[in-house]
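Dear colleague,

I am passing on the structure we spoke about, and below it you will find some notes on what turned up when I went through it. Please read them with the coordinates open beside you.

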Amino acid sequence: MSAGSHKTYRIPIGPVHVGLKEPVTTWLDVDGERIVKATVRPGSIHRGIEWMARERNPIQVIYLAERICGICSFTHIVAFLRAVEDAAKIEVPIRAQYIRSLVLELERVHSHILWAGVACYTFGYDSAFNLGMLLREKVMDVLEALTGNRVNYGVGTVGGVRRDLTPRAAKAVREMIEFYRREFQTFLDVVTEDPIAKARMRNVGVLSQEDAVKYCALGPTARGSGLRVDLRHSSPYEAYGDLGVTPLVPQDYNGEVFGDVYDRFFVRVMEVIQSLELLEKIVDGIPEGPITWEPKLPKVLSALKAADGIGWGIIEGPRGDDTHVVKLTKGEENVTWWKVRAPTYANAVSWPLMFKDQEIADAPLIINSIDPCISCMERILVSDARAGRSEILTRARLVERCREKTRRLMGA
Amino acid sequence: MTDILTRLLSGTALLFLVLLLAILYDGVDRLVHARMQRRLGPPILQPFYDVMKLFVKENIVPRRAIAWVFNGAPLLAVTAVLMVFLYVPMGSLPPILSTGGDVILIVYLFALSAVAMVAGGFASGSPYANIGAQREMVLMMSYEVPLAIVVTTLAYFAYRSGIPGEPFNLTTFVAMPLWGVAGWMGVLGLAALFVSLMAVVPAEVGKVPMDIAEAKTEILEGLICEYSGRNLAMFKLTFALRNSAMCAVVVSLFFPWNIGSSLGLTGAWLLVADFLFFWLKVLLLQVFGVTLIRTAFGRFKIWQASQFYWVQVGGLALAGMILLSLDLLA
C-alpha cells in the first residue's frame, strides 16, 4: 500500500479462524494486501489415532478409522478395510462392493456440496452457503435412511457391509438423484455465473500442471490443475470397474485450464453431477447376493488372527487418494501397526505455491480450496515438556526415525 | 433562547426515536435476509437484545491499544452519524438544524464517522484491525468520488433550474422533487445518479458486497476486531444508523413525496402521517438497496471494489451529470 517502502509484517490465519473449518496456522508475511511469503504450521489437532489402534483388533479399529474424519468417514474405513482384506486375503462379495461404492459416492456428494458452500461462505456469499447446506440435507437424509446415521455410518465391516440396500432405500436414492438433477443446477448457475464469485475465484491460488505433478497434488486439487488422475479410473476398486469413471478435468468443459480456485470449484461441483450418474448405475446394476464374506464376527476375528502380512488400501476419497497400510501378525489379535496417509497430507504441500503473490483476502479461500481435512492429516507431534524446548524435525531426521520405528515394530 | 431550548428538546427526542427505528430496521434487515436464504432468522428485536447485552458487558481495551483513541472512536462515530439526522427533513417535519450547505455537511459527517472507525481500528494494535482500517480508507477514497459527483450535480441542477431555496439544502429537494423539473434526458440522468448513489450505500454501511473492511472470514471483522462491550455496542449502533441515515438521505434526494396532504390531513396528523410514510420509504429502500444486494452477492476484494467505484459507478455518475447538464441546455 505504501509506495516505495517494502516493510512486511506478519499476520496469522489460524489456528482458529472464522474462515477455516479446522485448526491450522498459516503465517503470512504481507506487504500491504499482498502476500510475500506463507508458512504453514499444522500441529494443532493431533490425536494419536494410529497409536490407539495398536491396542485394538481390526474390527474395533474400523470405528476408530471412521472417526479420523467427520466428512469422509466412510472413505477412511473402506481404505482401512481394503488394507485388512488385502492382508488377510479376504474376498468381498460383489453386492457388498456395490453397497460400498454407493455409500462412497453419497459421501462424495455431501462432501463436495459442503465444500462448495463453505467456499462461498469464505468470500462472503452467505446465500450460496445456506443454499448449499439446504441441498446437502437431502443426501444426509438418504444416508440416514440407508445406514441409520448421518455422519459416521458404521456400515462397513471386514469382508463386506453391515446394512443391505433395501428396495425402500434404493427408492430414496433414486428420489435423491432426481432431486439433485432438478435443484443442483440452480446452485451451479448461481455460483458459476455470479460475477463476484468468478472475480473472487478466477486466477486465485493458481497451481500449474507442472507444479501439481511436482508437488504430488491429489484428487480434485490435481484435477483442477488439469491432471487426469482418478483412482476410480486408473486403479478401479470395489464396483468402480463396472461403472466406468473418467477423470473430470476443467479443460474438457471450458477448453482451457487455469489451475485456480475456480477450476477446483468447478471440478468439485461437476463431480457431484458425475456422482449422481454413478449412483444411478450402482442402484440399477446392483447384483443379488450375500453382503458379507462371513456374518459371524468371531469367525472373522479368528481369520484375522491367523492372518499375517502387510495390506494396502488406496482409494479415491472426496479430497484425493486415501492410503491405509496395515500390518497383521499371525497369532496376535491386535493390529500390529497401521499407517494412514490422508489426501490433505499431500495437498497441503502445495499451499505455499498457491499463496504466492496473492492477497490476504484470498488466504482463507486458498486454504479451503484444497478442501483440507486437518485432523485427517496430522500425524507428527514433537514435544518435550521436561526439557522445555520445541524442535522442528528435519526431513532427514524424520526419515531416520521413521525407519527406526518400522524396524522396531517389525521386530527386526 | 426558547428557540434553542425547543431545538434541543425536539432534537433529543428525535434522535432517540431515530435510534430505536434504526435498530429495529437492523432487525428487519436480518430477518428479511434470513427469509430470503430460506432460514428462520432471529427475532425482529434481536439487535435490541444484542446492543443491550453489549452495554452491560465488560469493555476490554487491548494492552497494545492507544486507549483514548480506542475508546473515543466509537463515541465519535456514533455521534457523527446521529448528527446527520438533525439535517434530514422527515416528511413534513423541517430539519432541526439547517445551514446553507446541509448536503455537504452530511457527506462530511458520514466521512467523519468512517474516519473515527479507521482511527479506532489503527489504535487497536491488532494486525487484523490494521488491515481493516487500511481497507476502509481505500474504500472511502473510492466511494467518495461517485458520492461527490452525485451531490454536486444535484445541487447544480437545482440551482440552474431555478428551484427556490438553497441548492445544497435537503429541504429544497423535498419541497420540489427534481423528477418533475427535469425533461426526459434529465430523468435518465437522475436515474443514473440514483443508481450510483445506491451503489455507494453498501460501502457506507459496511454490508456485503462491500463489507471488505469487516470481512469476517478474511480478517475477522477487521476494524472492530478488538472491540467489545460498550464500544462494540456503539459500533453496532453506528452501522445500523449509517444504514438508515444513508437511506434517509437518498429518500430525501430522490423520493421526497409526501402522503399526508393528498389524504387531506392537517395539523399534527399530517406531520405524523408524513413522518411514518418517510420511514416506510426508508425501510423499503433499505430492504431493496441493502438487504437484497447483500443476499444476492459475495464480497469484493478491495482493489475490485476500488475499481468498481472509480470506473463503473464513477462512470455512471458522470453519465448522469452529463445528461442533467444537457437537460439544462435543452
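How many bridges join E1(A) to strand E2 of chain A, and do these strands run parallel or antiparallel? In this predicted model, five bridges link E1(A) with strand E2, which covers residues 25–31 of chain A, and the two run antiparallel. Within this pair, Arg10(A) stands opposite Asp29(A) in E2(A). The two strands belong to an open, antiparallel sheet of three strands in chain A, ordered E1-E2-E3, and its edges are strand E1 (9–13) and strand E3 (34–41), each of which pairs on one side only. On average, and ignoring direction, neighbouring strands of this sheet are turned by 25° against each other.

Strand E1 also has a part in the contact between the chains, to which chain A gives 26 residues and chain B gives 25 residues. On the side of chain A that touches chain B, at least two residues each come from E1, helix H4 (94–122), helix H5 (126–147) and helix H7 (195–201) of chain A. By character, the residues on that side of chain A divide into 15 nonpolar, six polar and five charged.

As for the interior, the largest nonpolar core has 222 residues, and those with the most contacts inside it include Phe80(A), Val84(A), Val84(B) and Leu139(B). The most is given to this core by helix H10 (residues 229–254) of chain B, with 17 residues. Setting aside neighbours within four places in sequence, Val84(A) is in contact with Pro58(A), Val158(A), Leu304(A), Gly311(A) and Val326(A).

With best wishes

Note on methods:
Residues are numbered from 1 along each chain as its sequence is written. Chains are lettered from A and ligands numbered from 1 in the order in which they are written. This is a predicted model: local features need pLDDT of at least 70, side-chain atom pairs count only at pLDDT 80 or more; totals for chains, interfaces and linings use all residues. A nonpolar core is a set of buried Ala, Val, Leu, Ile, Met, Phe, Trp, Tyr and Cys residues joined through C-beta atoms within 7 Å. A residue is buried if 20 or more other C-beta atoms lie within 10 Å of its own, exposed if 12 or fewer, and partly exposed in between; C-beta atoms are placed from the backbone. Helices (H or I, at least four residues) and strands (E, at least two) are DSSP runs, numbered from the N terminus. Two residues are in contact if their C-beta atoms, placed from the backbone, lie within 7 Å. Two strands pair if DSSP finds at least two bridges between them. Axes are lines fitted to C-alpha atoms, for helices over the stretch in contact, and angles run from 0 to 180 degrees between N-to-C directions. Ala, Val, Leu, Ile, Met, Phe, Trp, Tyr, Cys and Pro count as nonpolar, Asp, Glu, Lys and Arg as charged, and the others, Gly among them, as polar.
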